[in-house]
Amino acid sequence: MTRELENYFDRLCPICRSLTGNGNRETLKILSEIVDLNITEIPSGTACFDWNIPPEWNVKEAWIKDPKGNIVVDFKNNNLHLVGYSIPFKGRISLSELKSHLYTLPEQPDLIPYITSYYKERWGFCITHNQLLSLQEGEYEVCIDSSLDTNGSMTIADALIKGQTDAEILLSTYICHPSLANNELSGPLVSSFLYRSLKTRKLRYTYRFVFVPETIGTIYYLSKYGEHLKKKLGAGFVVTTIGDNGTFTYKRSRRGNSLADKAVELVLKQQEKDYTIEDFYPQGSDERQYCSPGFNLPVGSLMRTRYWNYKEYHTSGDNKKIISFDAMQKSIETYLDVLNLMEANLKYINKMPFCEPQLGKRGLYSTIGSKKSPDHLTPMMWLLNLADGTNDLIDIANRSNIPYKQLIDVAELLISKDLLEIKDQEQ
Amino acid sequence: MTRELENYFDRLCPICRSLTGNGNRETLKILSEIVDLNITEIPSGTACFDWNIPPEWNVKEAWIKDPKGNIVVDFKNNNLHLVGYSIPFKGRISLSELKSHLYTLPEQPDLIPYITSYYKERWGFCITHNQLLSLQEGEYEVCIDSSLDTNGSMTIADALIKGQTDAEILLSTYICHPSLANNELSGPLVSSFLYRSLKTRKLRYTYRFVFVPETIGTIYYLSKYGEHLKKKLGAGFVVTTIGDNGTFTYKRSRRGNSLADKAVELVLKQQEKDYTIEDFYPQGSDERQYCSPGFNLPVGSLMRTRYWNYKEYHTSGDNKKIISFDAMQKSIETYLDVLNLMEANLKYINKMPFCEPQLGKRGLYSTIGSKKSPDHLTPMMWLLNLADGTNDLIDIANRSNIPYKQLIDVAELLISKDLLEIKDQEQ
Amino acid sequence: MTRELENYFDRLCPICRSLTGNGNRETLKILSEIVDLNITEIPSGTACFDWNIPPEWNVKEAWIKDPKGNIVVDFKNNNLHLVGYSIPFKGRISLSELKSHLYTLPEQPDLIPYITSYYKERWGFCITHNQLLSLQEGEYEVCIDSSLDTNGSMTIADALIKGQTDAEILLSTYICHPSLANNELSGPLVSSFLYRSLKTRKLRYTYRFVFVPETIGTIYYLSKYGEHLKKKLGAGFVVTTIGDNGTFTYKRSRRGNSLADKAVELVLKQQEKDYTIEDFYPQGSDERQYCSPGFNLPVGSLMRTRYWNYKEYHTSGDNKKIISFDAMQKSIETYLDVLNLMEANLKYINKMPFCEPQLGKRGLYSTIGSKKSPDHLTPMMWLLNLADGTNDLIDIANRSNIPYKQLIDVAELLISKDLLEIKDQEQ
């Protein structure tokens with residue numbers, strides 16, 4: 001799978017994504033090879049809650065020529081060079097005037113910053129601080145052949161895998177960062193491959209995958225589906241910064257003890273040596289919208305090294321060198337573990353709740369009593385004891401400290417022996 | 001008391017107890033000298049929940065003769081030598097065939113294991129591993145003159161001390177292990193002497209003492225009295241492995257915060273320096289049945305060194321050498337402390353709840369105010385302050401960190417001064 | 001303010017206060033310069049709950065002359081010399097008889113103890129232990145010209161500052177200790193200056209200031225206003241031992257999580273480096289009455305070095321040398337912080353609870369997106385996220401770890417931008 005991940009990464013990375021524009025359409029077209037996406041165009045100006053969809057932004061070319069006429073900054077080389085949503089501009093200006101339109105990182109002088117100006121009209125270029133220092137006095141020629149089309153649209157996509165019930169699991173990721181690797185492409189890639197893993201399986205939950213520009217895309221999506229999600233959502237995750245070699249970080253949902261939180265925390269506790277659990281805070285990525293007080297959805301975010309916690313964040317340093325396709329595959333597997341756990345997280349009823357059933361006559365117990373009971377007995381006894389209809393599998397795993405995968409297997413065995421049954425799920 | 005305990009131990013230890021049989025009858029007859037036992041015979045084959053009472057097992061003799069005709073293993077010397085519930089067998093067999101019927105402990109080569117086969121017909125002998133290694137090739141003569149009588153019965157017993165209310169405290173112990181000291185005889189001995197201590201006292205609770213074979217006896221007993229106990233049981237304890245010099249171990253009831261749990265934990269906290277509190281787990285002794293999900297009774301187990309935690313467990317090493325009759329007497333006293341605490345665990349009402357009563361005019365306060373208030377004042381103030389009908393004595397002791405015995409005394413004093421009254425107990 | 005505090009201290013310190021008497025009247029008259037006191041006389045003998053107001057005690061003179069006729073102990077020099085509520089006595093007695101009326105502190109031989117005998121008739125003098133050792137054999141002349149007038153009265157006072165609501169905050173202090181500095185005068189001084197700070201402000205809460213003799217005064221006051229306070233009191237504090245340089249000690253109300261407790265604990269956590277939080281215990285000062293089970297009012301006590309915790313407690317060592325007027329001013333400020341926090345402790349409603357409002361178009365967000373969001377954004381996001389009508393400002397400060405003063409400012413800003421509104425307070 002890692003080779004496939006890398007191929008898709010290499011195709012997607014150079015594309016100029018933003019809140020809107022052809023780069024987003026191209027990105028979703030490529031992801032359509034993996035995910036059965038429903039792609040929708042939302043007209044610029046469409047109102048959603050306190051917001052409006054911005055004009056559609058596209059860029060033909062953007063460059064700066066030095067006083068000698070040499071192109072010294074070119075959008076073609078790296079789409080981070082242009083401030084996102086820069087308005088068109090053509091002209092010859094002095095170095096000093098140019099500098100008021102240049103953005104650099106003095107403390108990381110070799111990196112290009114990632115800068116946007118979505119809701120205020122301006123233009124600008126992002127360059128390394130070293131390049132800034134090397135610029136000679138004189139007149140510079142600037143060309144930004146961009147367009148901001150109020151008759152354009154924002155492109156979003158989602159995909160549904162129908163399960164046996166209409167209770168939903170949400171996986172939401174964003175598609176608005178240009179050539180950035182961990183903070184952004186790891187998200188759509190992990191989401192897409194999760195979709196592919198799940199789509200042919202028989203599932204209890206219905207899975208909703210969302211690919212939208214951060215913030216405005218999610219706000220629009222919630223203006224359409226927020227009330228539906230308040231009724232149907234069992235758990236959800238914002239998939240981001242999930243492609244590097246760092247240990248896992250889980251940011252809890254605002255509720256703090258939702259199914260999303262309980263499932264991730266059990267998987268990490270039982271499977272990972274080092275990891276970080278963070279309480280919810282109202283800054284970060286799209287969980288800000290999902291967990292706004294009017295929705296308060298059970299949405300957390302399972303990441304590796306979190307946004308803000310790595311020095312390449314929002315710079316040209318967030319590139320292929322700092323991610324790992326092996327790590328990304330492990331991220332997909334861990335997300336699948338979490339989803340599988342939620343699929344299996346049933347409440348059980350012990351069909352013989354008065355004293356223990358006689359396991360021996362069912363071949364479930366050693367016929368000879370000696371110094372120790374067999375080790376495999378322990379999960380069986382815990383399941384029978386706690387299967388009173390109030391504990392779900394996560395509760396049983398937490399109270400017993402038994403690996404949840406072992407409990408899932410033993411529960412199936414006990415069901416086959418007619419000792420256990422699944423409790424009807426509450427709606 | 002220790003001499004009496006030792007005498008009873010010496011009389012009871014050699015008897016061959018099992019799930020059924022004359023050894024159990026003899027055991028209960030001896031215990032009848034201490035406890036007013038109601039002894040009942042339950043016919044073999046009687047159904048109880050998922051189980052049936054097994055045939056009655058008795059043994060006349062059982063031995064092995066070596067090729068030279070010398071008896072090398074004899075049930076008469078140690079009833080652990082015979083696998084419990086061995087079927088009758090007579091015959092001459094090779095050493096190699098014999099070995100498939102021999103059980104040893106290679107890692108404890110001087111000890112005889114304790115082995116049973118209640119629900120599958122087989123025969124076998126238990127010997128030390130050293131003896132196994134010394135056996136010579138040749139033909140051995142085996143004699144097991146045992147009987148498994150489907151017209152027999154299982155013998156159980158209980159005893160009731162009626163208190164002022166029909167709320168019950170249960171003390172349950174088992175009588176199915178042959179010559180084993182800590183894990184088993186400490187249990188019936190401590191239970192019996194507790195009965196003797198309580199039977200002449202005026203008690204608030206009704207006390208139920210149960211002497212049954214482990215597992216099947218308890219399952220039968222619950223099939224008869226389980227519904228009654230669900231209505232009436234205030235607290236209960238499985239009395240086992242309570243006769244050695246180890247510190248106390250308390251295994252909580254499945255509920256985790258039942259009266260049984262709260263009382264034991266306060267006594268241990270205030271009276272013992274080292275002790276262990278364990279959360280409930282569904283393996284162990286008869287609390288497995290009492291705490292099965294259909295009953296979920298408030299039954300814990302106050303032990304000393306717990307089964308599985310000492311190396312002589314279920315071997316011939318669990319004998320008189322590893323127990324202490326002084327420790328057993330201290331165990332009885334500690335159980336009595338717990339029972340006394342539950343007897344005294346009332347909720348109180350301060351009859352002058354608005355501001356403090358004037359203690360001075362009742363002779364309860366120093367008439368001269370100076371740098372410090374008298375130390376004896378503290379429990380009085382705590383009782384008056386928390387006696388609002390919501391806190392029981394255990395709550396008050398926990399919040400105030402005052403020894404519960406001192407609180408009991410001061411509560412009596414305050415009642416005599418008409419400052420406190422006992423709240424009517426909820427049913 | 002410190003100079004004013006010191007002036008008042010110097011005027012109040014020499015006055016002989018007790019449960020009753022002219023010293024208390026003089027004390028309240030001086031405090032009337034700062035507080036608009038309602039002064040009330042309660043006749044001796046008046047019943048209140050289990051108590052009666054004692055006779056009024058006044059002293060004209062009290063001294064001891066040694067065998068040579070020299071006055072060796074004189075009430076005029078230090079009113080601690082006379083046991084509080086000493087009955088009148090005149091006579092010539094031997095040293096040995098005199099000694100049965102003398103109180104000293106052998107372990108603090110240079111200090112005079114503070115002793116009272118309110119409810120048993122006796123007389124006595126308090127002297128240093130060194131003086132006791134120096135007394136020569138011979139006949140001593142004793143004069144106590146005191147009166148215990150059953151037709152007298154107990155003098156108490158209160159003051160109310162009406163707020164916008166009738167929910168009340170109580171500040172209760174006592175006026176019955178004679179020339180003692182930290183344990184007593186710091187209390188009335190801090191209370192009085194708090195009154196002066198609050199009286200001209202527009203306040204949400206109504207403030208009730210109480211100046212009464214300890215215990216009997218509070219019991220009387222509760223007999224009059226206890227039922228009213230049960231309905232109206234939002235939070236209260238006993239103001240005592242608040243004038244020294246020690247770190248703050250907060251003793252929680254009996255409820256343990258009342259508004260008083262939450263407000264003080266947040267202020268101390270966010271503003272103080274070292275401080276002590278104590279759970280309620282039913283000994284101490286007037287919180288014993290306010291927190292008696294019939295009232296159980298939300299009354300704690302914010303102190304500096306608590307009574308019992310300093311060696312000069314209830315001795316002549318508790319004088320001007322061990323207090324600090326700078327510390328007292330800081331105490332007043334900290335109490336004001338607590339009161340201000342309670343004034344501002346509202347629940348808010350986010351008026352745009354579905355997703356985030358667009359802060360940028362309101363000038364609340366940077367128009368350029370880069371590596372980091374501006375620091376000032378954090379309190380805004382927390383307020384908007386948690387403003388769902390269930391969290392008050394203290395809850396938001398605790399969950400976000402943001403200084404509550406910053407939250408108060410930002411809440412005002414958000415209200416001015418029509419993004420937040422104050423939830424109607426429950427009665």
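# A walk across the chain contacts

Start with chains A and C together: putting them side by side buries about 2500 Å² between them, and carbon and sulfur atoms give 50% of that area. Keep in mind as you look around that this is a predicted model.

**Stop 1: where chain A meets chain C**

Color the two sides of this contact in separate shades. You should pick up 35 residues on chain A and 26 on chain C. Next, hunt for charged pairs: there are four salt bridges between chain A and chain C. For one of them, select A:D50 and C:R362 and zoom in; the closest N and O atoms of this salt bridge are 2.7 Å apart. If you switch on polar contacts as well, the tally between chain A and chain C is 14 residue pairs, both residues of a pair being at pLDDT 80 or more.

Now show the cartoon of chain A and select α6 (216–232) and α8 (287–290), each of which brings at least two residues to the side that touches chain C. Which element supplies the largest share of that side? It's α6(A), with four residues. Try coloring the chain A side by residue class, too: you'll get 17 nonpolar, nine polar and nine charged residues.

**Stop 2: where chain C meets chain B**

Hide chain A for a moment and bring up chains C and B. Here chain C puts 35 residues into the contact, while chain B puts in 26. About 2500 Å² is buried between chain C and chain B, with carbon and sulfur atoms giving 50%.

How many salt bridges cross the interface of chain C and chain B? Four of them turn up. Select C:R254 and B:D388 to see a salt bridge between their side chains, at 2.9 Å from N to O. Polar contacts between chain C and chain B come to 14 residue pairs, again with both residues at pLDDT 80 or more.

To see what chain C offers to chain B, pick out α6 (216–232) and α8 (287–290) of chain C, the elements that give two or more residues to that side. The largest share, four residues, belongs to α6(C). Color this side of chain C by class and you'll find 17 nonpolar, nine polar and nine charged residues.

**Stop 3: chain A by itself**

Bring chain A back and hide the rest. Its cartoon has 12 helices and 19 strands to trace. Rotate it to get a feel for its extent: the C-alpha trace spans about 95 × 45 × 35 Å along the principal axes.

Switch to a surface view, and you're looking at about 16700 Å² exposed by chain A, with 47% of it from carbon and sulfur atoms. Under that surface, 61% of the 427 residues of chain A count as buried. Contacts reach far along the sequence as well: of those in chain A with a separation of 6 or more, 81% join residues 24 or more positions apart.

**Stop 4: one residue, A:S44**

Finish by selecting A:S44, which sits in the loop between β1 (38–43) and β2 (47–48) of chain A. Is A:S44 buried or exposed? A:S44 counts as buried because its relative accessible area is 13%, and the cut-off is under 20%.

Show what surrounds A:S44. Beyond its neighbours within four places in sequence, its contacts include A:I53, A:P54, A:P55 and A:E56, along with A:D149, A:T150, A:G152 and A:S153. For a last look, draw a distance from A:S44 to A:K199: the two are 155 residues apart along the chain, and their C-alpha atoms are separated by 33 Å.

Note on methods:
Residues numbered from 1 in each chain as written. Chains lettered and ligands numbered in written order. Predicted model: local features only at pLDDT ≥ 70, side-chain atom pairs only at ≥ 80, totals over all residues. Heavy atoms only, no water. Contact = heavy atoms within 4.5 Å. Buried area = accessible area lost by both parts, 1.4 Å probe. Polar contact = N/O pair within 3.5 Å; in protein donor to acceptor, adjacent residues only side chain to side chain. Nonpolar A, V, L, I, M, F, W, Y, C, P; charged D, E, K, R; others polar. Buried < 20%, exposed > 50% of the residue type's maximum accessible area, 1.4 Å probe, protein only. Areas by Shrake-Rupley, 256 points an atom, 1.4 Å probe, with all protein chains shown as cover.
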